[in-house]
Amino acid sequence: MKSDHYSKKKSWIWAFILILLSTKTRSAQEIIPLQRALDIALKNNLQIKRAQLNEALADETLKQSKWALYPTLNGSSGLNFNHGRSINPTSNGFIDSEITSSSFGLTAKTPLFMGFQRINQIAANKYSLEANKSGTQKAKNDLILNVLTTYLQVLTSQDLLLAAKQQLDYSHQQLDREQKFFDVGNKTVADLSQAKAQVATAELKVTKTQNDLDVSLLTLAQFMERDPTLPFGVEKPVVEAEKAAHIAYSATDIYRTALSNFPEIKQAESNSMARYKEISLAKGGLYPQISLQGGLNTGYSNAGNQIGSLADGSPLYANAAPFRSQLNTNFSQTIGASVSVPIFNGLSARSSIRTAKVKYEDAKVSEQLAKNNLNKIINQAVLDVRAAEKKYASTQAAYAASKDAFDATEKRHAVGLVNTLDYNKAQTDLNNAQFETIKAEYDLMLCRQTIDFYLGKCLVSDGCK
């Protein structure tokens, strides 16, 4: 008996410790507000980093095109070993001997006129850089909207899960009551089966809502590049304005505002300007190209000059001059200009011009498509927010009516004036009305946040940069 009592006592102690540990784990779970979730995502998201790398590459390309305006300067040197008959680098005469020679040179070249190609290349690269900057901001905007939508999905699923669990608890209570009535003969098997079915339906609702919540949390963690195995919670944002109050949004005004600052439009405009400059760049291929070049050269050879002949007729050479002396003696300077006039190159220049014009027209079409798409999205967003306002007001009214109907049905059911089937139907109607109200509340919140986003209002703590 003592052993059993000790085992039970030990089991209770372990259970108490596990409860404390689980409570501590839940209390230590990190809560991430919406503002911080946006900041974390913008800081860690890999798509943003890729966009920033593309921007850095475009910036480097622009710098390189600017440096191309400067003259080029290159040094050269060489070391040669000749065996047998060869030319004496000192006297330029033929010699039949082993020669070791070296040369040193410095060459400079600068373009004087290139058909304005380099200037136009710089201009095109500037617009390409602006397009990449806008592309980075577009990636940030897409991420912000995804995080905002997913965050509100998490909040919606949390509230729906809480409502579903409350409904499950209530269904269990109803089943216990029906079971007691059935045990004393006041309820039929059909009534008891209806109560059991209501519990099963409530359990299924809890399971589905829990799965929706887990998926939303996983998606949110992925947007933040966060380890999905680390649990975290979210915080419901404070909405100061009355949710049901109507806000008069003008799609035309919103479109005008977005047109001047939205990154998709800026990106499309910059791409159009870059393609336009590439037309002038291609036209530069029709003009002559003028360059100026100059160089400094010297050399050394161990071969001496021929000063006579030996008795057998072979040449007699003097010792080679010293290294420094030869560098001074062999020192030369060159300067010159070159002109390249395109006459016929397979019509490549004119083909390049036509290709550039087609690309420019395509960029203009893409720009107009971006503007049309933005206009469509904004008009759709305004319609969505108006519908969300009406839906939220309607679901509130429907929930209040369902609550009154359920309260009345519950009182009548308690005195036996309403059967279990009608009572369960009233309870289901109330639950559905509650779920619809929760979803309508967050739909309205998302629609208004989306409108604010298109109006250029910042949703991140470090500003819309």
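This briefing describes the strands, helices and nonpolar cores of one structure. The model is predicted. Its features include an open sheet of four strands and a largest nonpolar core of 61 residues. Helix H3, which spans residues 46-67, is treated in some detail, together with the surroundings of glutamine 52.

**The four-stranded sheet**

- The strands of this open sheet follow the order E2-E5-E7-E10, and their pairing is antiparallel.
- Strand E2 (72-82) and E10 occupy the edges with a single partner strand each, so one side of each has no neighbour in the sheet.
- On average, and with direction ignored, neighbouring strands of this sheet are turned by 20 degrees against each other.
- In general, the strands of a sheet pair through backbone hydrogen bonds, in either a parallel or an antiparallel manner.

**Strand pairing around E7**

- Strand E5 (residues 99-113) and strand E7 (residues 289-301) run antiparallel and are joined by twelve bridges.
- Within this pairing, threonine 107 stands opposite glycine 295 of E7.
- E7 is also joined to strand E10 (residues 332-340), again antiparallel, through nine bridges.
- Serine 291 has serine 338 in E10 as its bridge partner, and glutamine 293 stands opposite glycine 336 in E10.

**Nonpolar cores**

- Nonpolar side chains tend to be buried together in soluble globular proteins.
- In the largest nonpolar core, which holds 61 residues, those with the most contacts inside it are Leu220, Met224, Phe232, Leu374 and Ile378.
- At least two residues of this core come from each of helix H2 (34-44), helix H4 (117-183), helix H5 (189-223), strand E6 (232-234), helix H6 (251-261), helix H7 (263-283), helix H9 (348-414) and helix H10 (420-454).
- The greatest contribution to this core is that of H4, with 15 residues.
- Leucine 220 touches Val147, Thr150, Tyr151, Val154, Phe232 and Val234, when residues up to four places away in sequence are not counted.
- A second core, separate from the largest, has five residues, among them Ile279, Ala282, Ala356 and Tyr360.

**Helix H2**

- The buried residues of H2 include Leu34, Ala37, Leu38, Ile40, Ala41 and Leu42.
- Among the elements that cover the buried residues of H2 are strand E1 (30-32), H3, H4 and H5.

**Helix H3**

- The 22 residues of H3 reach 32 Å from the first C-alpha to the last, close to the 32 Å expected at 1.5 Å a residue.
- Ile48, Ala51, Ala58, Leu62 and Ser65 are buried in H3.
- These buried residues lie on the same side of H3, because they cover an arc of only 100 degrees around the axis.
- An α-helix has 3.6 residues a turn, so residues three or four places apart point the same way.
- Arg50, Leu53, Leu57, Gln64 and Trp67 are exposed on the other side of H3.
- The cover over the buried residues of H3 includes H2 and H4.

**Glutamine 52**

- Glutamine 52 is a residue of helix H3.
- Glutamine 52 counts as partly exposed, because its relative accessibility is 38%, between the limits of 20% for buried and 50% for exposed.
- From C-alpha to C-alpha, glutamine 52 and asparagine 132 are 8.2 Å apart in space, although 80 residues apart in sequence.
- Glutamine 52 touches Thr136 and Lys140, with residues up to four places away in sequence not counted.

Conventions:
Residues numbered from 1 in each chain as written. Predicted model: local features only at pLDDT ≥ 70, side-chain atom pairs only at ≥ 80, totals over all residues. Heavy atoms only, no water. Pairing = 2+ DSSP bridges. Axes fitted to C-alpha atoms, helices over the stretch in contact; angles between N-to-C directions. Buried < 20%, exposed > 50% of the residue type's maximum accessible area, 1.4 Å probe, protein only. Contact = heavy atoms within 4.5 Å. Core = buried A, V, L, I, M, F, W, Y, C linked by side-chain atoms within 4.5 Å. Expected span 1.5 Å × (residues − 1). Arc of directions from axis to C-beta.
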